[in-house]
Amino acid sequence: MKNIHIIQTEILSDNWYVLKKITYHGTNPDGSTVTQSRETYDRGNGATILLFNKQSQTVILTRQFRMPTYINGNDGGYLIECCAGLLDKDNPEDCIKRETEEETGYRVSSVEKVFEAYMSPGSVTEILYFFIAEYSGDIKVNNGGGLFEENENIEVMEIPFFNALQMIKTGEIKDGKTIMLLQYAQINNLIN
């Protein structure tokens, strides 16, 4: 579709993030025009990171309750994930450094952006920036766990890399961003 022209934008909800109904005209490849409506959910953009240690062959992951997964069949509602957070007007690199310290307790000074991706482009506007960084015990500055004022209750997990890959196969890890970063690490031989 080309020649997109937005006709109307209606805010359906502005409770937590913004849910909009967008009506637009467009031209199909055959030259015909069409009018369509789609709902979009704007929660802002985010960043995520895989912390890995080559020497111990481990990764740092988090475990926390996720209501949407609970109502969609995830018994208990807990997910094992890479550290992540919304940009909150920061650039992606500053965001992920802040989130890493808040959630995991590790203060990383250097991170590497490896790619970016739309995670659910059929309905959610978010683009997610993916990072990796090496960690060691000497950069641990607190216990992590998230921020009390944000009602975060995050468990920090140090897992052997091979076990984390197996947890994808067993279904213990079902989070898309985490699977993507673990597979990135495997493909690129970050941990041998």
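This tour proceeds through a predicted model, from helix H3 to the largest pocket, the salt bridges and the backbone angles.

Residues are numbered from 1 along each chain as its sequence is written, and side-chain values use heavy atoms, with hydrogens and water left out. In this predicted model, local features need pLDDT of at least 70 and side-chain atom pairs count only at pLDDT 80 or more, whereas totals for chains, interfaces and linings use all residues.

**Stop 1: helix H3**

Select residues 161-170, which form helix H3. Helices (H or I, at least four residues) and strands (E, at least two) are DSSP runs, numbered from the N terminus. The buried residues of H3 are Phe-161, Ala-164, Leu-165, Met-167 and Ile-168; buried means under 20% relative accessible area, exposed over 50%, and partly exposed in between (1.4 Å probe, protein chains only). These buried residues lie on the same side of H3, because they cover an arc of only 150 degrees around the axis, the arc being that of the directions from the helix axis to the C-beta atoms. An α-helix has 3.6 residues a turn, so residues three or four places apart point the same way.

Next, colour Phe-162, Lys-169 and Thr-170, the exposed residues on the face turned away from the buried side of H3. Then display S5, S6, S10 and H4, which are among the elements that cover the buried residues of H3 through contact (heavy atoms within 4.5 Å). Just after H3, select Gly-171, where phi is positive at about 90 degrees.

**Stop 2: the largest pocket**

Select Tyr-17, Arg-43, Arg-66, Glu-81 and Lys-177, which lie nearest the centre of the largest pocket among its 34 lining residues. On a 1 Å grid over the protein atoms alone, a pocket is an open set of points where a 1.4 Å probe fits, with protein on both sides within 12 Å along at least five of seven lines; lining residues have an atom within 4 Å of a point. The largest pocket holds about 1,400 Å³ of space. Strand S4 (46-53), S5, helix H1 (67-70), strand S6 (78-81), S7, H2 and H4 each give two or more residues to its lining. By class, the lining has 14 nonpolar, eight polar and twelve charged residues; Ala, Val, Leu, Ile, Met, Phe, Trp, Tyr, Cys and Pro count as nonpolar, Asp, Glu, Lys and Arg as charged, and the others, Gly among them, as polar.

**Stop 3: salt bridges**

The structure holds twelve salt bridges, each a side-chain nitrogen of Lys or Arg within 4 Å of a carboxyl oxygen of Asp or Glu. Select Glu-155 and Arg-63, whose closest N and O atoms are 3.5 Å apart. Glu-155 lies in strand S10 (residues 155-160) and Arg-63 in strand S5 (residues 58-65), so this pair ties together parts that are 92 residues apart in sequence. Glu-155 is partly exposed at 37% relative accessibility, and Arg-63 is partly exposed at 31%.

Move next to Arg-98, which forms a salt bridge with Asp-88 at 3.7 Å. Arg-98 is in helix H2 (residues 92-104) and Asp-88 in the loop between strand S7 (83-86) and H2, so the pair ties together parts ten residues apart in sequence. Add Asp-90, whose salt bridge with Arg-98 spans 2.1 Å, N to O. Salt bridges that share partners join Asp-88, Asp-90, Arg-98, Glu-99 and Glu-102 into one network.

**Stop 4: positive phi**

Remain at Asp-88, an exposed residue at 54% relative accessibility, with a positive phi near 50 degrees. Finally, select Asn-189 in the segment after helix H4 (176-187); Asn-189 has a positive phi of about 50 degrees although it is not a glycine. Most residues other than glycine have a negative phi.

Key
Grid points are joined across faces, edges and corners, and a volume is the space filled by probe spheres set on the points.
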